[in-house]
Amino acid sequence: MRLWFRHKSGDGLEAKLGYRFKDPALLAHALVHRSWIAGKDIPYTENNERLEFLGDSILNMLVTEYLYKKFPDAPEGQMSKCKSAVVSGHALAQTSLLWDLGTYIRIGKGEARMGGRNKENILADAFEAILGAVYLDSGLNSVREILERFHFPRIESIVAGEEFVNHKSALLEVMQSKSKPLPEYKVIRESGPEHHKVFDVEVLLDGVVYGRGSGVSKKKAEQEAAGAALEQLEKEKK
């Protein structure tokens, strides 16, 4: 197997993770987006979605454990809100930038042309798949150590809202301040198997498309589309 994520200089993805895989095939599997195998004679199960499913469950459990111990006096509702921010696609994608993760993901040419290596949902899914791969390779403690090095130190800033932003709420406020019609979200495409659909959404402002986004839920796709719309509105100010 060609291990494209390992460099002779030793500065590959594993060096950035601070973790060396005993079975590097697991990491290779975690880095394969479904668009890369589309049209090829490769089984569907060879993409990273099953590992992502596993990693998502592990991430949620470890984040819950961390918050429970870190904030002993916090009520359940506050911890639940905090957890939602910490495991959000935006937060995971931001942490993945510490590893330059987008440069290692295998994606199809079409997806690459559309900026797939920088899409939050693709980065977040690969992040979770890597956690699943580490778990299978050496267990829960190794996953916890990676999160403690890279993700948990960012929790306070994520919860404080310095990095996690509700783009839909922000866009709504902008439109209301201008006495404009409310943003309209439309699902323009659904793809993938029934148990793991990906939604492509566009947001219209006063009838004009201002942003598009994709995600494994309509909510995530709408958030990404709203973020793109806010960026476009900011450009128009200049």
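Two residues are in contact here when heavy atoms of theirs lie within 4.5 Å. With that in hand, let us walk through this predicted model, starting with a histidine.

His33 sits in the loop that links α2 (24-30) to α3 (34-37). Set aside its neighbours within four places in sequence, and His33 is in contact with Asn47, Asn48, Ile105, Arg106, Ile107, Glu111 and Ile122. Is this loop residue buried or exposed? Its relative accessibility is 12%, and the cut-off for buried is under 20%, so His33 counts as buried.

Now step back to the whole chain. The protein chain has twelve helices and three strands. It is 238 residues in length, and 46% of them count as buried. Its accessible surface comes to about 12,900 Å², with carbon and sulfur atoms accounting for 52% of that area. If you take the contacts between residues at least 6 apart in sequence, 56% of them join residues at least 24 apart.

One helix to look at for burial is α6, which covers residues 89-96. Seven of the eight residues in α6 are buried, leaving this helix mostly covered. The buried ones are Gly89, His90, Ala91, Leu92, Ala93, Thr95 and Ser96.

Next come the places where helices meet. Two packed helices are described by the angle between their axes and the distance between the axes. A good helix to begin with is α4, which spans residues 49-70, and we can follow its packing against two partners.

The partner to take up now is α8, made of residues 120-138. The axes of α4 and α8 are 7 Å apart, and the packing angle is about 85°. Angles from 65 to 115 degrees count as roughly perpendicular, so α4 is roughly perpendicular to α8. On the α4 side, the contact is made by Leu51, Glu52, Leu54, Gly55, Asp56, Ile58 and Leu59. On the α8 side, Asp125, Glu128, Ala129, Leu131, Gly132, Ala133, Tyr135 and Leu136 take part. Sorted by class, this contact holds nine nonpolar, two polar and four charged residues.

The other partner is α9, residues 140-150. Here the axes are 11 Å apart and the helices pack at an angle of about 65°. That makes α4 roughly perpendicular to α9, and the crossing is right-handed. From α4, the residues that make the contact are Ile58, Leu59, Met61, Leu62 and Glu65. From α9, they are Leu140, Val143, Arg144 and Leu147. What classes of residue does the contact of α4 with α9 have? There are seven nonpolar, no polar and two charged residues. Ile58 and Leu59 of α4 are worth finding in the viewer: both are listed in the contact with α8 and in the contact with α9.

A useful rule when tracing such contacts is that an α-helix has 3.6 residues a turn, so residues three or four places apart point the same way.

Further along the chain, α11 (residues 167-177) meets α12 (residues 218-237). Their axes come within 8 Å and cross at roughly 45°. At that angle α11 is oblique to α12, and their crossing is left-handed. In α11, the residues involved are His167, Lys168, Ala170, Leu171 and Val174. They meet Glu222, Gln223, Ala226, Gly227, Ala229, Leu230 and Leu233 in α12. By class, seven nonpolar, three polar and two charged residues make up the contact of α11 with α12.

Before α12 there is a loop that follows β3 (208-215), and Val216 lies in it. Val216 has a relative accessibility of 25% and counts as partly exposed. Not counting residues up to four places away in sequence, Val216 touches Asp125, His196, Lys197, Val198 and Phe199. Phe199 is 17 residues from Val216 in sequence, yet their C-alpha atoms are 6.1 Å apart. Asp125, another of the residues that Val216 touches, also takes part in the contact of α8 with α4.

Finally, consider the backbone. Most residues other than glycine have a negative phi, and most peptide bonds are trans. Asp100, in the loop between α6 and α7 (109-113), has a positive phi near 55°. Ser179, in the loop between α11 and β1 (184-191), also has a positive phi near 55°. How exposed is each of them? Asp100 is partly exposed, at 39% relative accessibility, whereas Ser179 is exposed, at 69%.

Terms used. Residues numbered from 1 in each chain as written. Predicted model: local features only at pLDDT ≥ 70, side-chain atom pairs only at ≥ 80, totals over all residues. Heavy atoms only, no water. Helix = DSSP H or I, 4+ residues; strand = E, 2+ residues; numbered from the N terminus. Buried < 20%, exposed > 50% of the residue type's maximum accessible area, 1.4 Å probe, protein only. Areas by Shrake-Rupley, 256 points an atom, 1.4 Å probe, with all protein chains shown as cover. Axes fitted to C-alpha atoms, helices over the stretch in contact; angles between N-to-C directions. Parallel < 35°, antiparallel > 145°, perpendicular 65-115°, else oblique. Left-handed = near helix turned anticlockwise from the far one by under 90°. Nonpolar A, V, L, I, M, F, W, Y, C, P; charged D, E, K, R; others polar.
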